[in-house]
Amino acid sequence: MSRTVYVNGAYAAEEEAKISVFDRGFLFADGVYEVSSVIRGRLVDNRSHLRRLHRSLSELEMNAPASDSEIESIQYELIARNELDEGIVYLQVTRGAADRDFNYPEDARPTLVMFTQKKQIIDNPLAQTGITVVTTPDIRWARRDIKTVGLLAPSMAKMIAKRAGADDAWMVEQGFITEGSSNNAYIVTDGGVIVTRQLGHEILHGITRQAVLKLADETQLHIEERPFTVAEAHSAKEAFITSASAFVLPVRSIDSIPVGDGRPGPIAQQLRALYITAVLAES
Ligand code: PMP
């Protein structure tokens, strides 16, 4: 059955929806996006996602296409029209359509596109087994804190992982892990300390990262926000990732080296359970 999508003020069947060939998202990757998860038909952490959307837009001197409450009502309208119980709502804003020119156009109207995707997030089988990752050089641009639609480098990283028989890639810069191809990366040291890279231009400021670190802190778990090396990752007691569409997923091997005993670690499992409980309580 065809989905209903949203494009610039109108709902349309996915086959009918159209974007200009001059849209700068298409020509320059001149656009930003957000992915909010949906559990029991309710958006998760959506306020934080919209806050980050505004930050991305302002870093690129782009106008918001609609108010937060308008955006949220479109998100819920799509959830309703597509009868989405569990999955994600994708939202993309580009600078709009204009004659091809590197300079930002003066008068373009931002393009707003949204669609839904079904996904089993809570009963994800990977939560039981953990995922495998391989490390690969981080070849992305220097402003990874802006959530742009320029996703070719992470797409290439995912293909490197796939060809190596792994589930995902962790990206490496100057010997340190920055983050996963589409998630934030964490290790747990022998001393039980959760280590994840500090916020900066080098990584995306994950919304799930923010929520999970808060839960970890409230649970009296120890957190260090600092870069960690590939060698530290290889000898970690536990490893895991966070993202809006994965929540928390344990990592069971890094570069084919088992993490701990090669099974999901207790801290990753605890944080996943805590986050799911918090999300269900909200929904
Ligand atoms: N880092 C990168 C590079 C990502 O693409 C994502 C997911 N979009 C994340 C981290 C996780 O962010 P969030 O928890 O907001 O989904």
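This section describes a six-stranded sheet with its helices, the surroundings of strand S15, the packing of two helices and the setting of one buried aspartate in a predicted model.

The six strands form an open sheet in the order S2-S1-S6-S5-S3-S4, and their pairing is antiparallel. The edges are taken by strand S2 (10-13) and strand S4 (42-43); each has a single partner strand, so one side of each lacks a neighbour in the sheet. Strand S4 is joined to strand S3 (residues 31-39) by two bridges, and the two strands run antiparallel. Across this pair, Ile39 lies opposite Arg42 of S4. Two helices pack on the sheet. Helix H2 (residues 46-59) touches S3, S4 and strand S5 (87-94). The direction of H2 makes about 175° with that of S3. Helix H3 (residues 68-81) touches strand S1 (4-7), S2, S3, S4, S5 and strand S6 (111-118). The direction of H3 makes about 35° with that of S6.

Strand S15 (residues 247-254) is mostly covered, with seven of its eight residues buried. Pairing of S15 was found with strands S7, S14 and S16. With strand S7 (residues 131-137), S15 pairs in the parallel sense over three bridges. Ile131 has Val251 in S15 as its bridge partner. With strand S14 (residues 238-243), the pairing of S15 is antiparallel and extends over four bridges. Within this pair, Ile241 is opposite Leu249 of S15. Strands S14 and S15 make up a hairpin, with three residues between them. The pairing of S15 with strand S16 (residues 257-258) is likewise antiparallel, over two bridges, and Ser253 has Pro258 in S16 as its bridge partner. S15 and S16 also form a hairpin, here with two residues between the strands. In the turn of this hairpin, Asp255 has a positive phi of about 55°. As a general point, strands of a sheet pair through backbone hydrogen bonds, in either the parallel or the antiparallel sense.

Helix H6 (residues 207-218) packs with helix H8 (residues 266-282) at an angle of about 105°, and their axes are 10 Å apart. The angle falls in the range of 65 to 115 degrees, and H6 is therefore roughly perpendicular to H8. On the H6 side, the contact involves Thr208, Ala211, Val212, Leu215 and Ala216. These residues meet Leu271, Leu274 and Tyr275 of H8. By class, the contact of H6 with H8 comprises seven nonpolar residues, one polar residue and no charged residues.

Asp168 belongs to strand S8 (residues 168-173). The relative accessibility of Asp168 is 4%, and because buried means under 20%, this residue counts as buried. The side chain of Asp168 makes a polar contact of 2.5 Å with that of Ser181. A polar contact of 3.2 Å joins the side chain of Asp168 to that of Lys158. Leaving aside neighbours within four places in sequence, the residues in contact with Asp168 are Ile131, Thr132, Val133, Val134, Lys158, Ala161, Ser181 and Asn183. Among them, Ile131 is also the bridge partner of Val251 in S15.

Note on methods. Residues numbered from 1 in each chain as written. Predicted model: local features only at pLDDT ≥ 70, side-chain atom pairs only at ≥ 80, totals over all residues. Heavy atoms only, no water. Buried < 20%, exposed > 50% of the residue type's maximum accessible area, 1.4 Å probe, protein only. Polar contact = N/O pair within 3.5 Å; in protein donor to acceptor, adjacent residues only side chain to side chain. Contact = heavy atoms within 4.5 Å. Pairing = 2+ DSSP bridges. Axes fitted to C-alpha atoms, helices over the stretch in contact; angles between N-to-C directions. Parallel < 35°, antiparallel > 145°, perpendicular 65-115°, else oblique. Nonpolar A, V, L, I, M, F, W, Y, C, P; charged D, E, K, R; others polar.
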